[in-house]
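Me: I should like to go through the side-chain contacts of this model and ask, for each label, what justifies it.

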Amino acid sequence: MPDYGHPLRFGTFITPVNAPADQPVRLAQLSEELGYDLVTFQDHPYQPAFHDTWTLLTWVAARTERIQLAGNVLNLPLRQPAVLARSAASLDLLSGGRVNLGIGAGGFWDAIEAMGGDRLTPGQAVDALEQAVEVIRGIWDADTRGPLRAGGEHHHVTGAKRGPAPAHEIPIWIGALKPRMLRLIGRAGDGWLPSMSYLQPGDLQRGMTTIDEAAQAAGRDPREITRLLNIGALGVDEIVRLALEDGVSVFIVAADDPRTLEHMARDVIPAVRQQVEAERAARGTAAVGRIRNQVALARRMPGIAYDDVPASLVETAVEPGNRGYGRYTSSYLRGGAPGLVLRPQTVEQVQDAVVFAGAHRDVPLGLLSAGHGISGRSVNHGGLVVDVSALNEVTLLDEDSGLVRLGPGARWIDVARTLAPHGLAISSGDYGGVGVGGLATAGGIGWFAREHGLTIDHVRCVDVALADGSLVRASATEHPDLFWGMRGAGANFGVAVSFEIEASRVGQVGFAQLVLDASDLPDLLVRWGSAIESAHRSVTGTLILGAARAGAPRYAQAMLVVDSDDPDTIVERLGGVAQVAPLLDQSVVLARYDEIMGAFHQEGPQRGQGEPLSHSGLARYLTPELAEQTAALLDAGASYFFQIRAVGGAVADVASDATAYGWRDAGFSVAAFGTTASGFDTWWRRLEPHFEGMYLSFESAEGPDVVARAFPPAHLARLREVKRRYDPSGLFRDNFFISPGVDAAA
């Protein structure tokens, strides 16, 4: 049989004995220490001398960090497929994508019957396994809406809820020997997992042929199917022969002796890898990466060299035909349909992704940190998306100074929860699901803006993958011009892969929710603006308005944070704001910052679709003229959500030219959503003369004129210089593109 070109992997097959109870766990940890790729356990629930295998897998996952996990193989007659699917998905999510699902139709039928399982004929066993695979994959298919109906006589679900989706595409490996089962693997399996001790001469070769023929008959590439083999302590030459002549690529060493595992890891496996690599080089063949199925291939989009994806990114990349693609068809408000999603797991892989993107300048490029994204530019139609959500580090480096290292894929709710026990917080927007990367390069108007400034004001350095794939650190002393630009226009210069940010001392705070009578909206807005400007700096808040409703009283919802844990102080500092209009309802509580961020965050997939409009403006004051125009816009029903955030205070303490964010004297940030049908754009243009700039994160419009409104003229000129130096060819062009040249709008 041919060499399928799969990369070689090695695992261990450990007996799940329960006396001593921790022996299989210690052997699994040793396997990880020795560099094995995979640890597996047999599954015989009727054996009282063994641990329950699924319980053991979960415990081993918690006690290891890197190594992959699998049953070898799980006893399907005693494990209900829909429940098994959810168990596997849960463990995959908890372990960071380390689960593989090895299943078998069952054996030792007397013992299975004694445990309540049904005895099956060989034909029934094949049918049952195929039905189980359908159910399992259906449960994992969280992208498909609607209940799941799948299976047949032996395993079925009728209207089950789908999900959760696992962290990665869990492969289903099938342990089998008979031709009908092998043909099932060819049609529907991801891997064949036999044991060498059960094979007769010629069985391995015949099995490979049967699987390949069934795969081709089903329209599959035989290389889609991984060939695994449970082996004993074989020598180098035998393993090399199995790899190059029989196509086995995953060798699982069945041994409970630490010395055997060490011998194989140190003396045999390196020699096998070296010989196989040398022979492949001599033959002119190279190890192939992930093989896409026919469905995925048929959905590939023009303009993308899918076969040129760097080897480091192939296994985690997502295409339109793959499970998990639905994650990238929606952002917070908008829909998308990217042609390829690259999901780097390391900084080096981010660099590889940037180089690949550099060869695809004719298609859109989106950068996704962790979700949300009002503008919707993190996903696109037909282009590339680089998803850095796996770079989600949150590490407190120095508790005294509050210095924190954050990955761009971390969410602000995770940051807040990590820092809260230390009495620290970073002012970072008002929604916990926002990713660090997008906000910490744009500005960051949060619940402590008036007291602690913008998020970018506390960034001390940022590591950036530039357009040429190089990695640089930008700080006040290293690449200071890039550091300046990354704080306010960072999406234009590279992919931020790590931040160091200084958190502020924050304990419990007052959180107030007020419902105000807005029957005289212009008067309310003017009074609100004056009250916020006069309030103590520890008070930061937002006012939310909606379209007028016929026959219903108009009201405004105010939410404010007061940085104090003293109830009397909180009430006193809220006094002026609470008196701007009659109060219809009120709630004031003591809370931690992470609790406030969590209150405005919901787990689960984003479902945004379509192309709603969002616009932004920065105003120095809420003048009567601005208030009148705002009321007219809302009276016309042009906006269904209108928000006014307090800025000023500490934001204005920073020099205007200190960062790329230049509108430091603005006291208020205005953001609103609307639709084309409501005339939102026309009404918004009437507000623009009252603004002196706008905040990128809430703007859906594009073009040079929008960029010219986003930055003061001197800032924009300086940004063009930074662009010419760090991205002269304009690779990063799909998120408020700052042209390296000079155009008329500038």
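Me: What makes R527 and D523 neighbours along helix α17?

Reply: In this predicted model, both residues belong to helix α17 (residues 521-534), and their spacing of 4 residues corresponds to about one turn of the helix.

Me: Why is the contact between R527 and D523 called a salt bridge?

Reply: The closest N and O atoms of R527 and D523 are 3.9 Å apart. The cut-off is 4 Å between a side-chain nitrogen of Lys or Arg and a carboxyl oxygen of Asp or Glu, so the pair at 3.9 Å qualifies.

Me: Are R527 and D523 buried or exposed, or in between?

Reply: R527 has a relative accessible area of 39%, and D523 has 37%. Partly exposed covers the range between under 20% (buried) and over 50% (exposed); therefore R527 is partly exposed, and D523 is partly exposed as well.

Me: How do you know that R724 and E721 form a salt bridge, and where do they lie?

Reply: Their side chains meet at 2.5 Å, N to O, which is within the 4 Å limit. Both residues lie in helix α24 (residues 713-726), 3 residues apart, about one turn of the helix. R724, at 34% relative accessibility, counts as partly exposed, and E721, at 47%, also counts as partly exposed.

Me: Which residues are joined into one network by salt bridges that share partners?

Reply: D43, D52 and R79 are joined in this way.

Me: What places D203 and R206 about one helical turn apart, and how do they interact?

Reply: D203 and R206 are 3 residues apart in helix α7 (residues 203-217), which means a separation of about one helical turn. Their side chains form a salt bridge at 2.8 Å, N to O. D203 is partly exposed because its relative accessibility is 24%, between the 20% and 50% cut-offs. By the same rule, the model holds 39 salt bridges.

Me: How many aromatic pairs does the structure hold, and why is that of W684 and F691 called tilted?

Reply: There are 10 aromatic pairs. In the pair of W684 and F691, the centres are 5.4 Å apart and the planes meet at 35°. Centres must lie within 6.5 Å, and tilted applies when the angle is neither under 30 nor over 60 degrees, so this pair is tilted.

Me: What makes W684 and F691 buried?

Reply: The relative accessible area of W684 is 1%, and F691 is at 12%. Buried means under 20%, so W684 and F691 are both buried. Together with F642 and F680, they form one aromatic cluster.

Conventions. Residues are numbered from 1 along each chain as its sequence is written. This is a predicted model: local features need pLDDT of at least 70, side-chain atom pairs count only at pLDDT 80 or more; totals for chains, interfaces and linings use all residues. Side-chain values use heavy atoms; hydrogens and water are left out. Helices (H or I, at least four residues) and strands (E, at least two) are DSSP runs, numbered from the N terminus. Buried means under 20% relative accessible area, exposed over 50%, partly exposed in between (1.4 Å probe, protein chains only). Rings of Phe, Tyr and Trp (its six-membered ring) pair if their centres lie within 6.5 Å; planes under 30 degrees apart count as stacked, over 60 as edge-to-face and the rest as tilted.
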